[in-house]
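Colleague: I'm new to this one, so could you show it to me and then let me ask about it?

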Amino acid sequence: MKIALLDQLREQNPIVFNISNFVTVQDVANGLNALGASPIMSEEVAEADEMVGLAGAVCLNLGAFTLPQVKQITTVGQLANRQHKPLVIDPVAVGAVRFRAQVATELLQTIDPDVIRGNAGEIAALAGLDWQAKGIDAGQGSGDLVTIAQTCARKHHCVVILSGPTDVITDGQRTVQVDNGTPLFQTHVGSGDMLSSIVAAFCAVEPDTFEAAQTACLVFAAIGQRVAGTAERMGAGTFITKLMDALQFTTVAEIEAVAAYK
Amino acid sequence: MKIALLDQLREQNPIVFNISNFVTVQDVANGLNALGASPIMSEEVAEADEMVGLAGAVCLNLGAFTLPQVKQITTVGQLANRQHKPLVIDPVAVGAVRFRAQVATELLQTIDPDVIRGNAGEIAALAGLDWQAKGIDAGQGSGDLVTIAQTCARKHHCVVILSGPTDVITDGQRTVQVDNGTPLFQTHVGSGDMLSSIVAAFCAVEPDTFEAAQTACLVFAAIGQRVAGTAERMGAGTFITKLMDALQFTTVAEIEAVAAYK
Amino acid sequence: MKIALLDQLREQNPIVFNISNFVTVQDVANGLNALGASPIMSEEVAEADEMVGLAGAVCLNLGAFTLPQVKQITTVGQLANRQHKPLVIDPVAVGAVRFRAQVATELLQTIDPDVIRGNAGEIAALAGLDWQAKGIDAGQGSGDLVTIAQTCARKHHCVVILSGPTDVITDGQRTVQVDNGTPLFQTHVGSGDMLSSIVAAFCAVEPDTFEAAQTACLVFAAIGQRVAGTAERMGAGTFITKLMDALQFTTVAEIEAVAAYK
């Protein structure tokens with residue numbers, strides 16, 4: 001776990017090109033910015049090639065996607081592959097909505113992500129496993145989370161992050177579990193989307209995608225945990241405000257002091 | 001007034017499907033989430049049927065709407081009617097912009113809302129009454145607010161919420177006025193949109209729409225009032241942060257202690 | 001410098017019609033609202049004429065723009081010219097993305113802005129000068145900032161605001177530099193967009209566009225500086241919360257006490 005990658009990220013200030021969903025886009029931009037990356041967003045295909053060229057990594061968020069957006073997502077994903085830019089995909093709600101599972105499955109036949117990040121329901125759906133999901137959140141279901149993540153990783157030949165109380169990060173061979181975090185992440189709608197883009201930011205500064213992915217998860221989870229620890233009972237509004245501050249100020253040493261993974 | 005519905009909502013965590021406007025969508029999602037509901041958003045017609053099926057209630061926000069969005073709003077509204085899901089409409093700016101009044105009037109000929117929530121100018125416009133409106137806010141005008149709300153409710157055969165310093169809730173027969181609230185709601189642009197979606201959340205757990213609507217108004221207004229009461233002079237930024245916290249933590253008993261309605 | 005214009009703005013509560021980018025739209029709306037203006041947003045061409053008619057000023061933000069949006073931006077800009085409403089343009093990322101520079105240049109052949117506001121890279125691009133830009137932020141480059149701003153102003157026959165640690169405001173003849181501000185503005189993604197719309201709000205209450213533009217810059221920069229001064233180390237989350245409060249409450253006298261310009 002190379003937590004010092006955070007310093008590298010802050011020094012290099014990598015540009016992350018995001019196709020974001022309209023619900024959480026502002027938080028994603030501000031989260032990247034606070035951490036030390038440089039967000040760019042665009043919905044126009046005509047500038048996609050140039051945007052990918054500017055970027056150190058690309059993050060495609062499938063939340064709230066229309067068919068024109070899916071077309072653009074496909075183009076941007078293919079451009080990222082062609083330009084060898086790290087590509088992160090966040091398959092929002094594919095566990096809950098059949099239409100999305102179908103579109104995402106088709107999408108994954110035309111582009112090769114380096115990382116897929118989702119909750120248990122989403123990762124299970126892309127792994128072709130049975131899982132119950134509800135709304136945008138992971139539901140209940142049987143099945144070992146590590147097995148689900150590994151199956152998805154082997155199927156799509158990429159790193160998979162299965163987010164939850166414990167994050168599972170795997171490339172199908174290597175597997176790490178990050179135990180840091182706080183339930184407060186679930187009180188704020190944009191937390192997962194923010195993490196996906198932060199994973200892309202780490203991929204922009206570390207060529208080993210598995211290393212980048214696990215570090216991003218640990219950094220984000222540890223920062224959230226530290227924020228949650230500053231008050232006995234914290235609400236969703238205070239949490240997001242303090243999280244933005246902490247993304248900016250938390251040091252590598254502070255994260256190392258609480259890091260919990262196996 | 002069944003304020004205990006709030007506990008029921010928190011227990012059931014109903015899914016609310018929102019067609020939201022892009023200005024306030026993040027606050028609407030976070031407000032629903034903080035209160036204890038589960039927001040889903042989508043702009044794609046192809047998944048509308050499935051989204052409505054997942055949802056316990058549907059909220060259509062007419063703010064910032066393009067003609068393709070109006071088409072989707074119409075489809076989603078019809079699906080909600082067909083699937084017998086409670087349907088809330090927020091007719092943003094129909095009191096100020098003739099184009100919107102015209103489109104909204106046409107829309108109401110093809111779908112049957114269970115609740116319409118707007119300010120005085122918006123409700124007057126849908127009631128076919130004269131009223132002055134300015135921008136997205138209610139303007140000044142003559143006419144008794146209760147009469148305006150009742151006229152609109154009878155015309156559209158649904159519950160009407162006329163929001164303002166005093167909220168008027170009526171189904172054309174029964175009428176309640178909620179006196180809770182705070183002028184701070186007007187300092188934050190998303191307050192009204194948030195309320196509309198929260199009304200939908202209550203409709204998902206209470207079959208009597210009038211009961212659900214009045215309770216939603218009282219709960220939201222009372223929570224805002226309590227937040228405002230914690231400081232002598234509170235600004236728009238602090239208010240929205242604390243409002244999110246309070247949506248999450250305020251108890252039924254705390255609301256009952258300040259409830260003011262007739 | 002007519003700082004008292006702020007009182008006039010708060011009294012008149014002018015409507016500002018914004019074509020905003022989807023990344024920062026909520027902050028722009030809330031910033032305008034907090035300061036004392038009345039924001040309206042719309043993405044529908046069919047209501048553009050009416051929206052412009054309602055507005056005291058128009059602000060076109062070129063961030064995250066699709067070709068349909070550019071078409072709408074063009075229409076709204078032409079309507080603003082025709083209806084003699086002050087028109088502010090924020091040419092987001094035209095310094096970094098060639099496609100945007102090209103589209104913006106074409107746009108400026110069909111509409112006449114009263115004010116263009118951007119960072120050094122953006123203003124240089126529209127001035128036809130060489131400059132290095134990175135992402136949405138201004139990059140490094142040679143060339144005197146005052147010369148760049150004046151060249152752009154003379155080329156486009158309008159007031160130009162070149163934002164940075166020192167803001168340069170010029171109509172090609174008169175030039176003012178505002179030294180107020182804080183690096184914290186850069187920690188929050190929506191700061192520049194917010195300023196552009198606030199410039200429009202001042203243009204709605206002051207016919208001398210140069211006067212309006214310089215006052216808007218000073219008011220915004222001074223308010224941010226005062227917020228930053230309230231804590232030794234402030235993060236992005238706390239800053240935006242406190243900035244919204246301060247936009248609402250800061251008085252003309254408080255701004256005059258810190259005003260620094262030449």
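Modeller: Here is some background, and then we can go through your questions one by one. This is a predicted model, where local features need pLDDT of at least 70 and side-chain atom pairs count only at pLDDT 80 or more, while totals for chains, interfaces and linings use all residues. Residues are numbered from 1 along each chain as its sequence is written, chains are lettered from A and ligands numbered from 1 in the order in which they are written, and side-chain values use heavy atoms, leaving out hydrogens and water.

Colleague: Let's start with the copies. What turn lays chain C on chain B?

Modeller: The copies are superposed by least squares on the C-alpha atoms of residues with pLDDT of at least 70 in both. The fit has an RMSD of 0.0 Å and a shift of 0.0 Å along the axis, and the turn is 120°. The two copies are thus related as by a three-fold rotation axis.

Colleague: And which residue of chain C has the C-alpha nearest that axis?

Modeller: The C-alpha in question sits 4.0 Å from the axis, and its residue is Phe22(C).

Colleague: Do the copies meet through the same or different surfaces?

Modeller: Take the interface residues of chain C, with contact meaning heavy atoms within 4.5 Å. Only 8% of them are also interface residues in chain B, so the copies meet through different surfaces.

Colleague: Now the inside. Which helix of chain C gives the most to the largest nonpolar core?

Modeller: A nonpolar core is a set of buried Ala, Val, Leu, Ile, Met, Phe, Trp, Tyr and Cys residues joined through side-chain atoms within 4.5 Å. The largest one has 92 residues, and Phe17(A), Leu60(A), Phe17(C) and Leu60(C) have the most contacts inside it. With six residues, spanning positions from within 98-110, the top contributor in chain C is helix H5.

Colleague: Which residues does Leu60(C) touch?

Modeller: Leave out residues up to four places away in sequence, and its partners include Ile19(C), Ile73(C), Val76(C) and Gly77(C). Also among them are Leu87(C), Val88(C), Ile89(C), Asp90(C) and Ile111(C).

Colleague: Which residues does UniProt list for "binding site"?

Modeller: The record is an unreviewed entry, and such annotations may be inferred rather than shown by experiment. The listed positions are spread over 47 residues of sequence, yet they cluster in space, with a largest C-alpha distance of 7.2 Å. The entry names Arg117(A) and Ser163(A).

Colleague: Where do those two lie, and are they buried or exposed?

Modeller: Arg117(A) is in strand S5 (residues 115-119) of chain A, and Ser163(A) is in strand S8 (residues 159-163) of chain A; strands (E, at least two residues) and helices (H or I, at least four) are DSSP runs numbered from the N terminus. Buried means under 20% relative accessible area, exposed over 50%, and partly exposed in between, using a 1.4 Å probe and protein chains only. At 6%, Arg117(A) is buried, and at 16%, Ser163(A) is also buried.

Colleague: What distance separates their side chains in the polar contact?

Modeller: A polar contact is a pair of N or O atoms within 3.5 Å; within protein, one must be able to donate a hydrogen and the other to accept it, and residues adjacent in sequence count only if both atoms are side-chain atoms. The side chains of Arg117(A) and Ser163(A) make such a contact at 2.7 Å.

Colleague: Which residue forms a salt bridge with Arg117(A)?

Modeller: Side chains of opposite charge can pair when their charged atoms come close. A salt bridge here is a side-chain nitrogen of Lys or Arg within 4 Å of a carboxyl oxygen of Asp or Glu, and the structure holds 21 of them over all chains. For Arg117(A), the closest N and O atoms are 3.1 Å apart, and the partner is Asp90(A).

Colleague: How many residues apart are they in sequence?

Modeller: Asp90(A) is buried, with a relative accessible area of 1%. Asp90(A) is in strand S4 (residues 87-90) and Arg117(A) in strand S5, so the pair links distant parts of the chain, 27 residues apart.

Colleague: Which residue pairs with Asp179(A) in a salt bridge?

Modeller: Asp179(A) is partly exposed at 34%, and its closest N and O atoms with the partner are 3.0 Å apart. That partner is Lys262(A).
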